[in-house]
Amino acid sequence: MFQTFSGSTRRQRQVNLGGRKTHAFGSPGSGAGSQAALDRAQQERAQRQRERDILKAANTLQRTWRGYSSRQRVDALLRERWDAVEGAPATTQTAVSYNSEAEALGQLQHLLRFARPRNEDDIRRVRHFASRQSQTVETLGITSSGPWPMAYLRLQRIILAVLERTNKSAAAAWDRYADYITILRFLTDQIPSETSQHATHFYRTLADVVLRLSPELESSAGDSPALSLLLATVMSPLTKVTGYTLNAYEAFGYLFLPLPILAADSTSPSTLRFRDSLADTINYKLLANALATLFKNPTEYPRVDLVDIPSRLRLLGTFIYFHRFAHNFNTLEAYSVHKDFVAVVSLLLNSLPVDTIEGPSSDSDGPIDLDSESGSDALNPFLKEQILSLVNQEGIGSLLDGSSQSPEASEDEKVEEARQLASYALALLRSFPRRGDEIRMRLYLSPPDARSAKGSPRKSPAIRYFWEASKRSSVFRTILRDSRAAIELLRPKAVSDDVSSTRYSGSSSLTQHAFWQAPSQALERQAATADEWRVILVFLELYTFVLKVTDDEEFFSSGSDPRSDQVRDNALPLSEVKDLTTFLKNLGFTLYFNASDINGSDQRDSSSTGLSFFNSNSLETQAQKEPVEPSIGGVAGLSLDYVKNLVTGLIRMVYERDSRRKFLPSDHWLMTSRFDMTGFIPAVVEEEESRHKIEEEDADDMDEEEDFDDTPQLIGTGRVQQQRRLERLQRQQRKASRRRYLQAVAPRLEILQNMPFFIPFTTRVQIFREFVNLDMMKRRGGADAEAWRWRNIHRNGTDKHTAKIRREHEFEDAFEQFYPLGAELKEPIQITFVDQFDAPEAGIDGGGVTKEFLTSVTNRAFMPTDNLDVFIENDQRLLYPNPAAVEEYKEKIRQAGYLDKSPEFRLAVHEFLQRYEFLGRIIGKCLYEGILVDVSFAPFFLRKWALTGGTGSAPNESGYRPTLNDLRDLDEALYQGLHKLKTYPGDVADFSLDFTVTDNIVVDYTTNPKKTKAITKELKPGGSDTLVTNQNRLVYISYMARHRLQNQPYLQTTAFLRGLSTMIQPSWLSMFNHSELQTLVGGTSSSLDVDDLRRNTIYGGTYVIGDDGLEHPIVQLFWKIMKDLSDGERRAVLKFVTSTPRAPLLGFGTLNPRFSIRDAGSDQERLPSTSTCVNLLKLPMYTDERVMKKKLLLSVFSGAGFDLS
């Protein structure tokens, strides 16, 4: 066959360039020869490169050695010449001054050419020259000009290098440093400007010297020469004003002030003299200005010098001490606010972890680093004293004294100043959370003087000052217009760690390094946004406090007190409150509904729904990651939960004011436009299912936590303990991750629990009933009440949900038989009422006897008696737990012979509190079954139901906080007294009040009047020694309200709410405010809708509607009479039949059982009667309208007819 299409039979020649010898006409090789050639070529190339490198290295070594040898020879020659002039050996003892300035300069320049810090002989020559030169300067009066400054500077660098080498040596003694410090002092005095220009090297070296010599200095006398020389050397660049003096103060501030000896809590004379001498000599204004300027420029900021928390604490404490020292400590001027002081303190405070000063919070629910030490351990008494001085009355009260509130100040100056002061105030609130109310009160009272000078305009209160600044901010205006814009404004910025510190309170720049810098315009924009957030947050903090101590009269009168000549406009005009609530609404909605968008991808990943969400290995990896500081809105250290807490608490307080007395439009609070309301209820129910699953997982982790044994083991203790600590940390991280996950997948539920007023009330009621029905389905497996009861009896052989109840002993019998059920009280119960002879009453329990039982129990429990009542009424006949009940019961059992703290005593008190718990379950059972009871609770008590805190996103601010208005619902006389104290124009110290409270309890109910006993308690530690003054009276009022409303009834209220939560999830109750909860319990108080009642009425007996669909004539007559009755009479009829005068929330269609009418014979003299257990009216067949109306009203208002049929 032809090999090609050329027609030639000759095989083509194969050319192989790979180096392998093959036949020219053979088949081509496998390629091995080609690879070998390539390998050889690469090896040869590498060999040639190595030869070139060796040759180059040899040349470099030879060149270096020749240079070194030449320098050595030249240096040796220079040393010989220098020694020939100076004389050998050169010693300080033989030193005399030079004959002329030229000779001295020549010798110095000669010396600088060969002197090396590592050469001991050269160091002796330097000491010799310095000794002669100091005498020459003194003798000839040589000034540092011309070539002298640069020559001196080079010599100073040699001395600093020698000191650095000495610092690294094993032994540290003053004798080794004395000569060099003397020379350094001399050189610094000669060239203060050049030293200041290069102050970083100067002060870093001196700081190391002082650190090495600290033990020797502390043990020396206060007037030791060594201490004096060190002080003079340190202060030399600071005391001579040059063009670079601020550079010196800057380096002195961040390098020297953090030294431990300056912040030591020592009584050593030398330590005290060292610190006080520095404080007395420096110019504190220049120091503050230098540090403030430094901290405002993050790109130039030397982060590594203050990387650890103790260093920043020492710098902060010493800086405050110097500031106070300059103003004689206890004078008002010591705490007067300077802009630079505010800037430095703000930054340093915000750079510290929140728990550094006051220790970890006891209510923290975040993950705990079990291996970390508290930053508060670094606080000694000296530092604590200095830092705590920031929160005294003078320091905070004078915050606005220097503010530019004059008309001459430019808008930019006002904005910049407000941002600065807000940064300082927020730093104090962040760093001193336990003193938050005191800080807010002192800001509230500032400025202390109405006028700074005669005839000058009155300064605005702090709340007004920060409100005006907030309104001017672009953040406020943007969110006011569009809630969606808040997402981007709240989202943490990628460069926020550095950006946020460019102003006044950034923190992360101290601890983190950034190698990429955003464009300057972006940095400035982000910094401005962070500053505006600080202003807004401080205003929100202050306004929250203002609302706590402002009653409704002051609130609605815009804060003007007609009885006081000083108008403190702390309450905003209602028109401005509307703008504020719109802003809070938009911000709050975004915080909850778009939480996952705000947190960003990092947190979404950590709380994702993927497989790694519950993977312990991934959690272990996360546990080892370095925590990232939150920076919501670009504000370093600002967490999303903090903003949620603040916004949630404030918007709820304003909403409560509007609920009590409407001043906003009816639809102002609704945010339904942001939801798809058609599928809203099913979506919320689905989210509730997800929440329930997560709670079950939390419960599993809690069980593991309880089983955790931290007892050291004999073998492998370290490894086992480390593993267990890691497991605990992982459980905490899983819990936090589940919370973030819930926020991401259940935004509607989050809003319902924290800001429910965004959703219409009727929608929330429907959701509540859906939640209850869902819970019933789970518990009963979809069976109805009767089927579940028979199945339960068949399974257990008995029915513990059955009880016999005696009339007039309903509560005691119910407590005895049903308390052990616990949450099983949710299930259907069967009640048999018995008379005094234990004979059962006739009754049909189609749910009706249960209703009669629940209403009877509540009526009996809340009925006033002549003995100890668990609930009492206020002046409006509204119920709340008896605050003195527990103390009175303790006194009662003491009289019975029980000893305090004995097991029997504690058991008796526990059993007494169980009655509150059971009563809570009974009210919860009524809510669960949808049964209305005629019970009205005090608003402040109902708020404790709604503001349950719990495990929501804002547990702190959504928990109950007592206010002055709540105190009015409890005790009108006490409220009036405290209000007069608050508005008293004179000195309240005249009343001789202190921070104590006296509780009066009844110890004998048989006497008339009842015998009482006074118990005095302190409102705060040391309260008996703390007098009430004009400055602290607001705190006294706040503490008094907290005691009366929260502390005194704490045990009773907690037990009741514990029982209530057994039946109804607290998160379900948090969907309603106090008035809405009262409506849930007792029905709506609006006018009775007769048409709705008529549409949802069931007829029996003769009155059954026939095939024609028409009502019986007697029934038509009844409804005509009902139409003609007044609303009060209609309510009386409704209560006559159903035992409650109020209609159900969603209309009579939801009344259970339904309203029913049946005939009761044709006797015209017989009165109408009822069976309230089944909401049945037994109406005789009256033929005359006048007779029917008369008989009906006679029965209603005589109280007859409450029998069972």
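The following dialogue examines how several descriptions of this predicted model are justified.

Biologist: What is recorded for Cys1173?

Modeller: The UniProt annotation "active site", from an unreviewed entry, covers Cys1173. In the model, Cys1173 lies in the loop between β9 (1169-1171) and β10 (1176-1179).

Biologist: Why is Cys1173 called buried?

Modeller: Its relative accessible area is 3%. Buried means under 20%, and Cys1173 is therefore buried.

Biologist: How many salt bridges does a search of the whole structure find?

Modeller: The search finds 51 salt bridges.

Biologist: What makes the pair Arg127 and Asp179 a salt bridge?

Modeller: The closest N and O atoms of Arg127 and Asp179 are 3.8 Å apart. The criterion is a side-chain nitrogen of Lys or Arg within 4 Å of a carboxyl oxygen of Asp or Glu, so Arg127 and Asp179 form a salt bridge.

Biologist: Which parts of the chain does the pair of Arg127 and Asp179 link?

Modeller: The pair links distant parts of the chain, with Arg127 in helix α3 (residues 120-140) and Asp179 in helix α5 (residues 174-190), 52 residues apart.

Biologist: Why does Arg127 count as partly exposed?

Modeller: Arg127 has 21% relative accessibility. Partly exposed lies between under 20%, which is buried, and over 50%, which is exposed; Arg127 therefore counts as partly exposed. Asp179, with a relative accessible area of 43%, is partly exposed as well.

Biologist: What makes Arg185 and Asp189 a salt bridge, and why are they separated by about one helical turn?

Modeller: The closest N and O atoms of Arg185 and Asp189 are 2.8 Å apart, and the cut-off is within 4 Å. The separation of about one helical turn follows because Arg185 and Asp189 are 4 residues apart in helix α5. Arg185 counts as partly exposed at 30% relative accessibility, and Asp189 counts as partly exposed at 24%.

Biologist: Where do Glu468 and Arg464 lie, and how do their side chains meet?

Modeller: Both lie in helix α18 (residues 462-472), 4 residues apart, about one turn of the helix. Their side chains meet in a salt bridge at 3.1 Å, N to O.

Biologist: Is Arg464 buried or exposed, and what of Glu468?

Modeller: Arg464 has a relative accessible area of 10%; as buried means under 20%, Arg464 is buried. Glu468, at 27% relative accessibility, counts as partly exposed.

Biologist: Which residues are joined into one network by salt bridges that share partners?

Modeller: Such salt bridges join Arg79, Asp83, Asp122 and Arg125 into one network.

Biologist: Why is Tyr465 called buried?

Modeller: Tyr465, found in helix α18, has a relative accessible area of 10%. The limit is under 20%, so Tyr465 is buried. The C-alpha atoms of Tyr465 and Phe539 are separated by 8.7 Å, and these residues are 74 residues apart along the chain.

Biologist: Why is Ile142 called buried, and which residues does Ile142 touch?

Modeller: Ile142 is found in the loop between α3 and α4 (148-167). Its relative accessible area is 8%, against a limit of under 20%; Ile142 is therefore buried. Not counting residues up to four places away in sequence, Ile142 touches Glu101, Gln133, Thr136, Val137, Trp148 and Gln190.

Biologist: What is the mean pLDDT of the protein chain, and where does pLDDT stay under 50?

Modeller: The mean pLDDT is 79, and 78% of the residues reach 70 or more. Stretches where pLDDT stays under 50 include residues 448-456, with 9 contacts beyond four places in sequence, and residues 495-518, with 81 such contacts.

Definitions and conventions: Residues are numbered from 1 along each chain as its sequence is written. This is a predicted model: local features need pLDDT of at least 70, side-chain atom pairs count only at pLDDT 80 or more; totals for chains, interfaces and linings use all residues. Side-chain values use heavy atoms; hydrogens and water are left out. UniProt positions are given in the numbering used here, feature names are shortened, and annotations may be inferred rather than shown by experiment. Helices (H or I, at least four residues) and strands (E, at least two) are DSSP runs, numbered from the N terminus. Buried means under 20% relative accessible area, exposed over 50%, partly exposed in between (1.4 Å probe, protein chains only). pLDDT is the predictor's confidence in each residue, from 0 to 100. Contact means heavy atoms within 4.5 Å.
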